[in-house]
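Q: Could you take a close look at one helix with me and show how it sits in its chain? I'd enjoy a walk through it in plain terms.

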Amino acid sequence: MSTPNDVMETALASANAQTAEVAGVDADAEKQEKEQVQHWLSTIEKCRDFDKQAYAEMATCRGYAAGLSAHEVSVNIIGSNIDTMKPSLYAKNPDVSVAPARQTSMPMTPRPIPPGPPPVDPMVTLMQLPSFAMIQGNPDALAAAMADPTVQEKLAPEVEKYQLAFAQHQQDTARYAQEMAAYAAEMRKRAMDRDERKRFSETLELLISRAWQLAELKEEVRATIGGALTTAVGWFKGTWQEDAGLDPLTIKQLNSLQTNIARIDELRKQAADPTSTPALDQLRQQIVEEQTALDAAKEVITARGLVVDYIYSEDMTVPIGVTRITKVSSMPWLAHRSFMSVMAAKAMFPDVPKECWVKAKKYSQRKPRVRIMVDIDNHPSWGTATADQASQFTQSSDGTTAEFNEAQTGDFLCFHEIWDKEGGVVRLVCEGLDRYPRPPAAPEVPVTRFYPFYPIAPVEADGQRYPQSLVQRSYGLQDERNGRLSALKKARNRSLQGILGNAGLLDKDEAEKVKQSEIGEITFVNGIDNTPIQNIFMEKPTIRLDPALYETETIDRNIERIWGIQQAMQGAVRVEQTATESEIQNQGFSTRTAFMREPLENALGEFANATAEMLLQRLTFEDAVEYAGPGAVWPEAATVSDLASLVTVSIKAGSTGKPNLSAERNAWAQTMPLMMELIEKVGGMRGASPADVADKLENLADITLQLSGSSMSAEDMMPAEAMPMDAMMQPDAAGGMAPPEMTAPPTNDFATGPAGPMNPNPAA
């Protein structure tokens, strides 16, 4: 028989065994996590080492774009060309185009055939006979004639046939009424479906444009275009942020109550440990100020919306084996590197123990360069730049063994956000950290393309992993140009005029007078032995300056040929050109920019589809009504997979660049008269109302005003619709003026259709 002590010992042993088992499971999971983190960090390091020459080339191109030069005379042609190309490629947000998805036409529904005319009553035929027509006014004679057996014998079969035909006609009429009712209902249903798809397209189009505007898409994509022109490829990132799922590697964080509270909590932890914070009073004052601002908020701040960020080219890590880094859809994974201060990291990832952050690698931000003239050793020229020079952050001198100090707010940590398409998860690792700062998870707002990264590469070279930039193609010419200008300055300095004097025929004091004389001053000099002055002085011989050796015209033409930018676009005309020559150059530039704009439009088209998918998942019907108006249509039950079957999302080609107003105005001047004539002619043939024709003409006026650059609206200039005076001036029963009687608008009767012999079946 067991005693209470035995039972207690058994229970304790069982509890210890369970604890050991749980501890073993946790230890195995922790070990596997460390191995997985080390695997990804090692993979990223290998890929970045593989592409280090490409990163070094990015540093070289950035140096030339910034105008850094080791020459004494430097003209930054490359930087000017980048500034000129930006508005030509991206001057405004693109026009989003959302149209109902194309579908096969519904089978033609035959219109019901109406029944024939009703049968003729034999009595009517009988009364039209001359003998009966004469006695219609005499009831007695008419009754006698009808009672005649001969008439009854002939009339009875006709009456029987009439009754049967009339009954059949009534059945046909009733069936036709039912068929017409079903036909009209079907036509109305099809029209409503078309109208609903069209209104949903308009709603989604407005919401995408509004989301892009709130996310400041123009600012970020313009920066991306600058990066693409400089480093060959530019990247931007588009994600959806919410309070519960903020992206830690998004540079442009939304103002969130949750993140503000986390920051204050982190400051309080530092204030609780006086040994780690030298400026304790200053830190406590900072907490009080931020807490006061948070308490004074009038409403709860909720982070929710689309966020767009420009990403530096060197911060994207592409796996080895990819032959074109712009082909994102073919990549198994893609990583984004970002730097975060230690304080921000601790506030963002509170579950990571303090001792883990000590092991993380520390980085510092480089001091900015403000001098254009640099030493040849510090110039990031081809072959001398390193991959480390491409980044604004460099590893601190104390390295990974640096002692962690809470007050070192200047230290930064390097994170890599890995989007694993094959595994369908997003991982976050930190260099030097042997665990995940947050557990791997699927994207909170997934999109069909999976990746939120969009590359733009205006110029690609066949067979190259990385594209080529126009800077890379032309910085040798800029070096040659600056070299010639510097050599010209040196030759010009050496060819300055001077005076030679005969020292044996001129006293030292007299020579000093000549040396110190000013321009236009009369200087009296006493020569020796009355020697003529022209025998004492002579002009100093100079090196003959040949301007042809230092001309830059050929270099400028070659740079223009590479960039496609004509001299007139740069605001300087060196050679007079005819109108035909200028037009040919403009056409060439338009063709060149249109070719370079295609990758941008492809990226924005993919981003438009991704934006539509994110909005469909996160917006409610109330949100759609708030941003798109009371007529919005928003299918809350629809999924991302349904989007392609509902609408087609794209952007209008050429809508991002700077418009060619002159060409558009000339084309519109020829098109508008034809459109006016067609509107009036088609309106007359269709019997359209004058009000509808007036609306179409008002739209033409709107387009004309837009192309003219006017901010006025055609609605403000067009006359309003007049009401009939007789209807407005009718007195009511009390002797006053009665308001005009409002009639209901005509209904769209799909059953009867338009008047006339041609009544086509409404299109499906």
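A: Here is a look at helix H2, with a little about the whole chain before it and one other helix after it. Please keep in mind that this is a predicted model.

Let's begin with the setting. The chain contains 22 helices and 13 strands. Of its 764 residues, 35% count as buried. Among contacts in the chain with a separation of 6 or more, 77% are between residues 24 or more positions apart. The accessible surface of the chain is about 45600 Å², and carbon and sulfur atoms hold 55% of that.

Now to the helix itself. H2 runs over residues 52-65, which makes 14 residues. From its first C-alpha to its last it reaches 20 Å, close to the 20 Å expected at 1.5 Å a residue. H2 is mostly covered, with 11 of its 14 residues buried. The buried set begins with Ala54, Tyr55, Ala56, Glu57, Met58, Ala59, Thr60 and Cys61, and it also takes in Gly63, Tyr64 and Ala65. Glu57 is thus listed among the buried residues of H2. After H2 comes Gly67, which has a positive phi, near 85°.

For another spot to view, try helix H4 (residues 122-127), where Met127 lies. Setting aside neighbours within four places in sequence, Met127 is in contact with Phe132, Ala133, Gln136, Leu142 and Met146. One of these partners, Leu142, is 15 residues from Met127 in sequence, and their C-alpha atoms are 9.8 Å apart in space.

How values were computed: Residues numbered from 1 in each chain as written. Predicted model: local features only at pLDDT ≥ 70, side-chain atom pairs only at ≥ 80, totals over all residues. Heavy atoms only, no water. Helix = DSSP H or I, 4+ residues; strand = E, 2+ residues; numbered from the N terminus. Buried < 20%, exposed > 50% of the residue type's maximum accessible area, 1.4 Å probe, protein only. Contact = heavy atoms within 4.5 Å. Areas by Shrake-Rupley, 256 points an atom, 1.4 Å probe, with all protein chains shown as cover. Expected span 1.5 Å × (residues − 1).
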